[in-house]
Amino acid sequence: MNVIESFLKQYSKEYDYYYELAQYVANACETLLLRNGIYGVITYRAKRPDSLRQKLIKRNETQHYQSIEDIYEDIADLAGVRISTYFPGDREEIASLMKAEFITDTIKYFPNQQTTSPFNFRYKKLFAGYDAIHYRVRIKDVRLEDNKKRFALSPVEIQIASMLMHAWAEVEHDLAYKPKIGSLSEAEYRILDELNGMVLSGEFALERLQKAFNQRISQIEHSFNNHYELAALIRGKLKMDANHSYMGRADILYSFLQKTGMDKPQDILNYIEEAGKNKAERTIVRKIVDLILEDYPQYYHLFIEAKYEVYGIAVHL
């Protein structure tokens, strides 16, 4: 039995472990997006043994696996999580959240500089292709309960891209990398490239839509409908990027503002602006709460209530 078959025999017995690991990380990512008021869809999977076999055979042409350990070290996505954002502009903030939540082993940014199709060297692509960030992470041991400590040992790949980009990448991957009947024609590669251009244009439109959404939220006179609207207002006013403090618990801030009756955009615009000027190493939410409590110390008990009611326990912002 060769190295690949030996690995697959062992991996088949461990498949459930990697599936549970991916599910655990996906749940953690979903909680992070929810708390920070970011729209997105989380999916997860463990690599299927039948799909993995073909990948290993191809990679072995260059990797020349000598042992099962070589394969475990090489394959980063036995457990994988995909974060599909509604708005491409949220990608960098999500990446910052991932770095804070997990131990980061490696980061890969796409696209790379290659513009020629790896499948058909006669065709030179016009568009950049897959645009995403891939993280290879491990769960921090302190975040795991005793019966889950084993999850800290294995890496998980987290892919962050827009929903449009993930949809295009799925089509391209299945058609170009895994053709069921023969290789794709040059015409098919051209169509995939054309679709990629449409996706990139769609992402530009989504960025404009997000800006328009943020602008509309800042002008409403009624109360926020949910913490996503509150988070959108904060992001729009502060133009948050990867170098900015990340949001923090927008869900708790929303509950706190409801309790104080300060849950309209005009009630907190000044606090948002002041929080943006504050360079302290705290989340934006924490800065806003501190500013409000400086003016209204009598609201402190409402803040404590908000923290307890959202998740039933005292949590950090």
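Is R190 buried, partly exposed or exposed? In this predicted model, R190 has a relative accessibility of 44% and therefore counts as partly exposed; the legends below begin with the close-up that contains this residue.

**View 1. A salt bridge within helix α6 joins E186 and R190.** The closest N and O atoms of E186 and R190 are 3.1 Å apart. Because the two residues lie four positions apart in helix α6, which covers residues 186-219, they are separated by about one helical turn. E186 is partly exposed, with a relative accessible area of 23%, and its partner R190, at 44%, is likewise classed as partly exposed.

**View 2. D105 and R138 form a salt bridge between two strands.** In this pair the closest N and O atoms are 2.9 Å apart, and the contact links distant parts of the chain, since D105 belongs to strand β3 (residues 103-110) and R138 to strand β4 (residues 132-138), with the two positions 33 residues apart in numbering. D105 is partly exposed at a relative accessible area of 34%, and R138, with a relative accessibility of 26%, also counts as partly exposed.

**View 3. The side chains of D141 and K149 meet in a salt bridge.** The N to O distance for this pair is 3.2 Å. D141 counts as partly exposed, its relative accessibility being 40%, and K149 is placed in the partly exposed class at 27%. Side chains of opposite charge can pair when their charged atoms come close.

**View 4. A network of salt bridges links R45, K47, K55 and D77.** This close-up shows the four residues R45, K47, K55 and D77, which are connected to one another through a network of salt bridges. For the structure as a whole, the number of salt bridges is 20.

**View 5. V41, Y86 and M163 form a nonpolar patch on the surface.** Together, V41, Y86 and M163 present about 230 Å² of accessible area. One of these residues, V41, is found in strand β1, which comprises residues 40-46. With a relative accessible area of 32%, V41 is partly exposed, and this value therefore lies over the 30% cut-off that is applied to residues of a patch.

Note on methods
Residues are numbered from 1 along each chain as its sequence is written. This is a predicted model: local features need pLDDT of at least 70, side-chain atom pairs count only at pLDDT 80 or more; totals for chains, interfaces and linings use all residues. Side-chain values use heavy atoms; hydrogens and water are left out. Patches are made of residues with over 30% relative accessible area and no salt bridge: like charges are joined within 9 Å, nonpolar side chains (Val, Leu, Ile, Met, Phe, Trp, Tyr) within 5 Å. Accessible areas come from the Shrake-Rupley method with a 1.4 Å probe; for residues, only the protein chains shown count as cover. Buried means under 20% relative accessible area, exposed over 50%, partly exposed in between (1.4 Å probe, protein chains only).
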